[in-house]
Amino acid sequence: MSGFIIHDDGQGHFGPLTDLRPVFRLRTGAQWTTQRIARRIGLTPAASWVPVPLRELHAETARRPVNELPDGDTLLCVNGRWSGLESLAAPAASTVLANADGEVVMANLPRRDAEIWLRDGTLPEDAVTDTVEAVVYRHPWDILDHLDATLQDDLSASDVPVMSGDRLQVHGGHPVHIHPTAEVLPGVVADTTNGPVVVDDHAVIRSNAVLTGPCYVGPRTVISDGAVIKGRCSFGPDCRVGGEVGASIFQSCSSKAHEGHLGDSIVGCWVNLGAGTVNSNLLNTYSEVIVRLDPDAQSMKTGRIFMGSIIGDHVRTAIGTRIMTGSVLGTGSMIATTASPPTTVPAFSWRTDKGCRNYRFDKFIDVARTVQARRGMEPGPAETAALDRIAAAAASRGEG
């Protein structure tokens with residue numbers, strides 16, 4: 001078997017986090033889920049299969065065929081919502097692996113059956129189903145529930161070398177990995193009591209920052225002077241992180257460079273949280289947090305007492321923004337209110353103290369191009385079209 005098809009079956013509900021990417025391209029630890037899956041089963045993806053609205057967008061950056069079957073009479077299809085934490089071997093032909101909740105983890109099917117499964121979710125009647133223990137994500141809080149485990153797993157497999165010499169002050173027994181190109185300024189402390197710290201290629205850790213493991217600092221990411229990075233944090237490439245951050249994931253290219261607390265949260269790409277932006281991750285009543293992932297969705301119990309924010313791509317907050325427990329900020333929203341925004345903010349909302357309206361797409365895309373140009377990037381045609389569709393859908397519902 002030369003590879004597998006990584007599959008976004010569209011069965012989970014991740015709010016704005018999957019507006020612009022298939023579920024398996026979410027950073028769910030130090031890595032994307034698909035990277036962990038490939039490492040776990042010892043195979044590389046030969047193709048991907050995603051919901052139709054994401055096909056062109058994913059194909060714009062994917063290096064392998066999208067929604068096209070690779071060669072082979074028998075094809076291994078792997079659920080992109082599987083965490084990749086468990087050691088599972090590829091099943092025999094015409095065999096399906098599913099967890100106790102009936103979530104398919106892997107299906108090794110004849111070519112025609114695999115195509116039917118990928119297109120409409122129907123398994124052949126003669127397929128053998130074996131039950132396995134496996135974590136399959138359905139909601140963002142599932143990712144946070146297993147963040148410690150995914151980080152520990154990803155960091156243990158890191159190819160960033162273990163620190164040699166005295167580049168920072170270390171307390172704890174787990175290793176510190178620092179890429180030779182990374183820059184660590186004086187006064188940095190790493191607490192590795194509960195897990196390792198990995199500082200990747202060309203990352204910068206500025207003076208007097210504290211990094212508590214498990215913690216991953218991605219390529220070219222900058223940790224601000226005096227930042228307090230608590231345990232269970234993962235920052236993807238090209239982020240700017242300051243203030244107090246704990247138990248949170250930044251996908252990539254997002255900035256929270258100034259003071260302010262962020263906890264138990266997942267942040268998309270191209271987000272900018274203004275100075276003094278803070279979030280609550282615990283209700284005063286210590287009650288279970290209830291979340292509504294989009295304006296049309298029902299509120300759901302998370303099973304968590306600590307639950308911060310789900311922040312979609314291209315969200316911007318003004319200085320001093322206060323985000324309440326269990327908030328979801330939709331893709332492309334701009335928040336500049338002195339009062340806390342609603343706990344579910346629709347996509348492309350422009351919110352100020354004067355009121356709320358829809359963010360005009362021509363204005364939005366001009367800003368997006370300016371922001372990305374600062375890092376030598378630009379939105380591709382498919383990404384621009386996808387953002388336009390999301391903005392148009394929001395405008396048609398009058399969600400500003």
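A cavity is a set of grid points where a 1.4 Å probe fits but cannot get out. In this predicted model, a search of the whole structure yields one cavity of 30 Å³ or more. The fold around it is described here through an open sheet of six strands and two helices, H1 and H3.

**The sheet**
- The strands follow the order E2-E1-E3-E5-E4-E6, and their pairing is mixed.
- Strand E2 (44-49) and strand E6 (128-131) each have a single partner strand and stand at the edges, so one side of each is left without a neighbour in the sheet.
- On average, neighbouring strands are turned by 25° against each other, direction ignored.
- Strands E1 (residues 3-7) and E2 run parallel and are joined by five bridges.
- Glycine 3 has threonine 44 in E2 as its bridge partner.

**Helices on the sheet**
- Helix H1 (residues 33-41) packs on the sheet, where it touches E1, E2, strand E3 (74-79) and strand E5 (104-110).
- The direction of H1 makes about 150° with that of E1.
- Helix H3 (residues 111-120) lies across E1, E2, E3 and E5, and runs at about 145° to E5.

**The largest cavity**
- The largest cavity holds about 40 Å³ of space.
- Its lining consists of His7, Cys77, Val78, Asn79, Val104, Val105, Met106, Ala107 and Trp117.
- E3 and E5 each contribute at least two lining residues, and the largest share, four residues, comes from E5.
- By class, seven residues of the lining are nonpolar and two are polar, while none is charged.

Key: Residues are numbered from 1 along each chain as its sequence is written. This is a predicted model: local features need pLDDT of at least 70, side-chain atom pairs count only at pLDDT 80 or more; totals for chains, interfaces and linings use all residues. Side-chain values use heavy atoms; hydrogens and water are left out. Two strands pair if DSSP finds at least two bridges between them. Axes are lines fitted to C-alpha atoms, for helices over the stretch in contact, and angles run from 0 to 180 degrees between N-to-C directions. Contact means heavy atoms within 4.5 Å. On a 1 Å grid over the protein atoms alone, a cavity is a set of points where a 1.4 Å probe fits but cannot get out, and a pocket is an open set with protein on both sides within 12 Å along at least five of seven lines; lining residues have an atom within 4 Å of a point. Grid points are joined across faces, edges and corners, and a volume is the space filled by probe spheres set on the points. Ala, Val, Leu, Ile, Met, Phe, Trp, Tyr, Cys and Pro count as nonpolar, Asp, Glu, Lys and Arg as charged, and the others, Gly among them, as polar.
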